[in-house]
Amino acid sequence: MIETPNKTKPSQTKAETLISVKDLKVHFPFGNIFQKRGVVRAVDGVSFDLPKGKTVGLVGESGSGKTTIGRALLRAVDTTEGEMRFYEEDDSFDIASLKGADLREYRKKAQLIFQDPYASLSPRMTVRDIIAEPLEALKITKGREETNEQVKAIAAKCRLNIEHLRRFPHAFSGGQRQRISIARALVLNPQFIVADESVAALDVSIQADIINLLKDLQREFGLTYLFISHDLSVVAHISDIVAVLYLGEIVELAPKRSLFLRPKHPYTTALLSAIPRLDDEGSEMQKLQGEIPSPSNPPSGCRFHTRCIYAESKCKAEKPLWREIESDHFVQCHFADSLELKGVF
């Protein structure tokens with residue numbers, strides 16, 4: 001079972017959980033002496049579990065807070081409130097509280113695959129040096145020979161040829177560059193990977209190849225992924241659990257099949273209807289009205305009510321409860337029980 005806000009019952013045993021996020025908030029202050037001060041509520045009370053060896057897909061429009069959650073879990077941004085607890089075999093720790101040597105040790109356990117394979121690789125470094133950089137920066141290996149052996153081993157796992165290690169990034173296609181990025185992330189033998197729009201910049205045929213590679217590596221190394229994307233068709237191929245994020249809040253969270261078959265939130269349905277189809281159902285696409293509101297001044301009540309075709313006065317006045325509507329299927333919507341929303345499978 002998936003852990004959710006406002007629930008005391010644990011979603012799964014801690015032996016099954018790698019990271020448990022509870023009421024995570026990340027707010028960014030803005031303003032100066034000439035401007036009224038305020039905060040951008042990029043993430044505003046998010047809770048979910050990352051089960052060991054599984055993939056949680058995090059989806060939503062640009063500006064919903066997806067990347068901020070990923071960066072918080074990697075300690076690339078400071079959190080405002082909440083807990084991100086990392087579970088090991090006989091211990092656990094709060095990621096947000098790590099400092100100094102403990103934070104450096106955590107860097108070995110958690111890594112990032114960047115979105116843009118063209119901008120994320122230094123043009124002045126060979127592929128060997130790019131992959132070896134984490135090992136050398138964290139002083140994992142004892143000498144160049146040991147470093148080279150580890151670089152060659154992980155390069156082979158990521159389907160890179162040995163002769164590729166002597167070349168520079170400009171000599172490679174987008175798909176090959178992303179395999180280099182994956183090798184760099186995995187060379188430290190991490191347990192947790194944040195893949196932030198890691199196939200968005202690639203052609204569709206190459207996307208499938210990279211997703212299959214990620215799944216193969218997950219099975220081999222027991223990796224846990226947080227897969228961030230705006231594209232539900234991509235998320236469908238790799239995720240075990242899907243969390244739908246809107247304006248800093250998770251509005252629906254469920255096992256993949258349950259969410260795609262029986263969506264319970266209008267925002268999820270709108271995202272699903274944008275998936276291209278070969279039949280006539282594509283003509284019934286539900287368009288979202290307007291733009292996503294500013295996270296510095298979110299709407300009252302249900303944050304989605306300003307764009308929801310089912311919204312009533314209650315939606316503006318009252319914040320909907322986060323509740324389990326089916327087994328392991330959670331939603332934040334006043335009318336989730338009565339709405340007949342269409343899935344895609």
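G57 stands opposite V242 in strand 9, and that pair is where I'd like us to start looking. Keep in mind as we go that this is a predicted model. The pairing here is between strand 3, residues 55–59, and strand 9, and the two run in the parallel sense over 4 bridges.

Now stay on V242 for a moment. Which residue of strand 10 does V242 stand opposite? It is A254. So V242 has a partner in strand 3, namely G57, and a partner in strand 10 as well. Strand 9 covers residues 241–246, and 6 bridges join it to strand 10 in an antiparallel arrangement. Further along, Y246 stands opposite E249. Between these two strands the hairpin has 2 residues, and L247 takes a positive phi there, near 50 degrees.

Is strand 9 buried or exposed? Here 6 of its 6 residues are buried, so the rest of the structure largely encloses this strand. If you rotate the model, try looking at the two faces separately. In a regular strand, side chains alternate between the two faces of the sheet. On one side of strand 9 you'll find I241, A243 and L245, and on the other V242, V244 and Y246, with both faces covered.

Let's step across to strand 10, residues 249–255. This strand is mostly covered too, with 6 of its 7 residues buried. Besides strand 9, strand 10 pairs with strand 12, which spans residues 329–332; 2 bridges join them, and they run antiparallel. To find this pairing on your screen, look for E252, which stands opposite V331.

E252 and V331 also lead us to our next stop, because both are on the list of residues that K264 touches. Where does K264 sit? This lysine lies in the loop between helix 8 and helix 9. You might wonder whether to call it buried or exposed. Its relative accessibility is 16%, and the cut-off for buried is under 20%, so K264 counts as buried. Setting aside residues up to four places away in sequence, K264 touches E252, I325, E326, H329, V331, C333, A336 and L341. With one of these, E326, its side chain makes a polar contact of 3.3 Å.

Right after that loop comes helix 9, residues 266–273, and here 8 of the 8 residues are buried. The list runs P266, Y267, T268, T269, A270, L271, L272 and S273. What covers them? Our old friends strand 3, strand 9 and strand 10 are included, along with helix 7 and helix 8.

P266 turns up again when we go hunting for enclosed space. How many cavities of 30 Å³ or more does a search of the whole structure find? The search finds 1. The volume of the largest cavity is about 70 Å³, and 14 residues line it. Nearest its centre are P266, C302, C308, C315 and C333, and you may remember C333 as one of the residues touched by K264. As for the character of the lining, 11 residues are nonpolar, 3 are polar and none is charged.

Let's move on to the pockets. The largest pocket has a volume of about 520 Å³. Its lining has 23 residues, and the closest to the centre are A110, Q111, L112, F114 and R184. Two or more lining residues come from each of helix 1, helix 2, strand 6, helix 3 and helix 5. Which element gives the largest share? That is strand 6, with 4 residues. Sorted by class, this lining has 12 nonpolar, 6 polar and 5 charged residues, whereas the lining of the largest cavity has no charged ones.

One of those pocket elements, helix 1, makes a good last stop. Of its 8 residues, 6 are buried, so helix 1 is largely enclosed by the rest of the structure. The buried ones are K66, T68, I69, G70, A72 and L73. Then, just after the helix, R75 takes a positive phi of about 60 degrees.

If you'd like one place to return to, go back to V242, with G57 opposite it in strand 3 and A254 opposite it in strand 10. Thanks, everyone!

How values were computed
Residues numbered from 1 in each chain as written. Predicted model: local features only at pLDDT ≥ 70, side-chain atom pairs only at ≥ 80, totals over all residues. Heavy atoms only, no water. Buried < 20%, exposed > 50% of the residue type's maximum accessible area, 1.4 Å probe, protein only. Pairing = 2+ DSSP bridges. 1 Å grid on protein atoms, 1.4 Å probe; cavity = no way out; pocket = protein on both sides within 12 Å on 5 of 7 lines; lining within 4 Å. Points joined across faces, edges and corners; volume = space filled by probe spheres on them. Nonpolar A, V, L, I, M, F, W, Y, C, P; charged D, E, K, R; others polar. Contact = heavy atoms within 4.5 Å. Polar contact = N/O pair within 3.5 Å; in protein donor to acceptor, adjacent residues only side chain to side chain.
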